[in-house]
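Student: I should like to learn how to read the packing of helices in a protein model. Could you take me through one case?

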Amino acid sequence: MKNKQESAPIGGPGMPVLGARDNAHHFETFLRGQFRGLVQFLRARTANEQDAEDAAQESMTKLLRYRESEPPSAWKQLLYRIAVNVAHDQYRVALSHHNKDHVGLDGLEIATGEHTPEQRALYDQQVARLSKAILELPPKCQRVYLLKRAQGMSHADIAKRCDISVKMVEKHLATALAQLRRKVGDSSSETF
């Protein structure tokens, strides 16, 4: 007994009636004849030649679903409609993945944000020297320096709080910085 699909005739208005085997051969011939034209059509709708070929291949694969249910006269229009949809899908995927912005990290050394034990020890030593040097500042210089560096106060605000002039604030800061540089060294001047 024959399968109903194999014996079902296929054709459309003005088309000869084809059996399932003839239809499969006709479909393969149709696809071979459409590939180059479809790729050309997709070039304007995709990022590059490879994407156009991929979209054409995917479109033809999706058309297989309609080989039996649609007449051969509808295949071309259906193929190009599928191709437009596939190209749109490719574009949306590329946008969502930011493929154009991708930068490979292979072979690059990535900073971990953590310091080596040697760097940490050096930093701790530097902080200890700076703390000791701040504690050795004259009391007025120390207070003005800490209000400026630790509290982030302006010269005018420090002057009001300490009941001194802005010029005196500048003088105390200059004295403090000079003494700290002498005791700690210039290598950590950005710390001051």
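The dialogue below turns from the chain as a whole to its helices.

Tutor: This is a predicted model, in which local features need pLDDT of at least 70, side-chain atom pairs count only at pLDDT 80 or more, and totals for chains, interfaces and linings use all residues. Residues are numbered from 1 along each chain as its sequence is written, and side-chain values use heavy atoms, with hydrogens and water left out.

Student: Which secondary structure does the chain have?

Tutor: Helices (H or I, at least four residues) and strands (E, at least two) are DSSP runs, numbered from the N terminus. The chain has eight helices and zero strands.

Student: Which residues of helix 6 are buried?

Tutor: Buried means under 20% relative accessible area, with a 1.4 Å probe and protein chains only. In helix 6 (residues 139-149), Cys141, Gln142, Val144, Tyr145 and Leu147 are buried. Their cover includes helix 5 (117-135), helix 7 (155-162) and helix 8 (166-184).

Student: How is a pair of packed helices described?

Tutor: The angle and the distance between the two axes describe the pair. Axes are lines fitted to C-alpha atoms over the stretch in contact, and angles run from 0 to 180 degrees between N-to-C directions. The axes of helix 5 and helix 8 come within 9 Å and cross at roughly 135°. Helix 5 is therefore oblique to helix 8, as angles outside under 35, 65 to 115 and over 145 degrees count as oblique.

Student: Which residues meet there?

Tutor: With contact meaning heavy atoms within 4.5 Å, Arg129, Leu130, Ala133 and Ile134 in helix 5 meet Leu180, Lys183 and Val184 in helix 8.

How values were computed. Buried < 20%, exposed > 50% of the residue type's maximum accessible area, 1.4 Å probe, protein only.
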